[in-house]
Amino acid sequence: MRRVLGEYLVIAAQTGDRAASGQLARLWQPALLRHALRLTGETELARDTLQDAWIDILRGLGGLTDAAAFPAWAYRIVTRKSAATIRGLQRRRQTGAALAAEPEGADDGERTAEALADRGPLARALTDLPIEQRMAMALFYIDDFTVAEIAVALSVPAGTIKTRLMHGRRKMRAALELPISTPSNQGGSNDGI
């Protein structure tokens, strides 16, 4: 239903309907924000990145030839904006400007550890995956993208996405399996048996 409505809104927005552009943004904002958050790891950074991405999305909407391709196309823009944001942060940290602006104290690390402990085992297992596998798994299972759409959104071949999904599933399965306890010799000997 969301995809059909999205296609209609894309076509309407391409004709200059400003209300359709706003509705399109409201429709896809939560999913794109989750994607940006997965990439950046920080809520405020994800919001800022997504705001910048929406500017590019709305500017480039007229050049989109297939309205059905909007989700993968928009995700790719958010992916690129997030990567640029992260590169910018890394450059600032290397120069030391960001280090002076960061608050001191171990409190942030403690809050992060507490937040991870409060999350369920599935969310923790997903968070522990390498970023490439986590992105593929989240887009496939949470955002309901096809392998082809994920490939477009992340700008990698479909075969690479399949490999990332396979390895991600294996790691998730291993992380979620409970150790099987075997009955031990409790209070007796099996010498006479």
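**Figure 1. Helix α8 passes helix α9 in a right-handed crossing.** Welcome to the first close-up of this predicted model. The two helices, with α9 spanning residues 147-154, pack at an angle of about 135°, and their axes are 10 Å apart. α8 and α9 are therefore oblique to each other. On the α8 side, the contact is made by Met135, Ala136, Leu139 and Phe140, while α9 brings Val147, Ile150, Ala153 and Leu154.

**Figure 2. Helices α2 and α8 cross at roughly 165°.** Their axes come within 10 Å, which makes α2 roughly antiparallel to α8. The crossing of this pair is right-handed. Which residues of α2 meet α8? They are Arg34, His35, Arg38 and Leu39. Facing them from α8 are Ile131, Arg134, Met135, Ala138, Leu139 and Ile142. A general point helps when reading such lists: an α-helix has 3.6 residues a turn, so residues three or four places apart point the same way.

**Figure 3. Helix α2, from its start to the residue just after it, with a kink at Gln29.** The helix covers residues 18-40. At its start, a side-chain oxygen of Asp17 reaches to within 3.0 Å of the backbone nitrogen of Ala19. Further along, a kink of about 50° lies at Gln29, shortly before the proline Pro30. Just after α2 comes Gly41, which takes a positive phi of about 85°.

**Figure 4. Arg134, a buried arginine in helix α8.** The helix that holds Arg134 runs over residues 131-142. Is Arg134 buried or exposed? With a relative accessible area of 18%, Arg134 falls under the 20% limit and so counts as buried. Setting aside neighbours within four places in sequence, Arg134 is in contact with Arg38, Leu126, Thr127 and Leu129. Of these, Leu129 offers its backbone oxygen, which lies 3.2 Å from a polar atom of the Arg134 side chain. Arg38 belongs to the group in α2 that meets α8. For a distance to check on screen, try the C-alpha atoms of Arg134 and Met172: they are 38 residues apart along the chain and separated by 9.9 Å.

**Figure 5. Gln133, found in helix α8 and buried.** The relative accessibility of Gln133 is 11%, and for that reason this residue counts as buried. Which residues touch Gln133, once neighbours within four places in sequence are left aside? The contacts are with Arg164, His167, Gly168 and Lys171. Helix α10 covers residues 158-176.

**Figure 6. Asp143 in the loop between α8 and α9.** Although Asp143 lies in a loop, it counts as buried because its relative accessibility is 4%. Not counting residues up to four places away in sequence, Asp143 touches Arg2, Arg3, Ala31, Arg34, Arg38, Tyr75 and Ala138. The side chain of Tyr75 makes a polar contact with the side chain of Asp143, at 3.2 Å. The C-alpha atoms of Asp143 and Leu32 are separated by 9.5 Å, and the two residues are 111 apart along the chain.

**Figure 7. Two loop residues with a positive phi, Asp144 and Ser155.** As background, most residues other than glycine have a negative phi. Asp144 has a positive phi of about 60° although it is not a glycine, and Ser155 likewise has a positive value, near 60°. Where do they sit? Asp144 is found in the loop between α8 and α9, while Ser155 lies in the loop between α9 and α10. Asp144 counts as exposed because its relative accessibility is 59%, whereas Ser155, at 44%, counts as partly exposed.

**Figure 8. The whole protein, with ten helices and zero strands.** To close, here is the setting for the views above. From the N terminus on, the elements run α-α-α-α-α-α-α-α-α-α. Of the 193 residues, 34% count as buried; Arg134, Gln133 and Asp143 are among them. Among contacts with a separation of 6 or more, residues 24 or more positions apart account for 63%.

Methods: Residues numbered from 1 in each chain as written. Predicted model: local features only at pLDDT ≥ 70, side-chain atom pairs only at ≥ 80, totals over all residues. Heavy atoms only, no water. Helix = DSSP H or I, 4+ residues; strand = E, 2+ residues; numbered from the N terminus. Buried < 20%, exposed > 50% of the residue type's maximum accessible area, 1.4 Å probe, protein only. Contact = heavy atoms within 4.5 Å. Polar contact = N/O pair within 3.5 Å; in protein donor to acceptor, adjacent residues only side chain to side chain. Bend = angle between axes of the 7 residues up to and from the residue. Axes fitted to C-alpha atoms, helices over the stretch in contact; angles between N-to-C directions. Parallel < 35°, antiparallel > 145°, perpendicular 65-115°, else oblique. Left-handed = near helix turned anticlockwise from the far one by under 90°.
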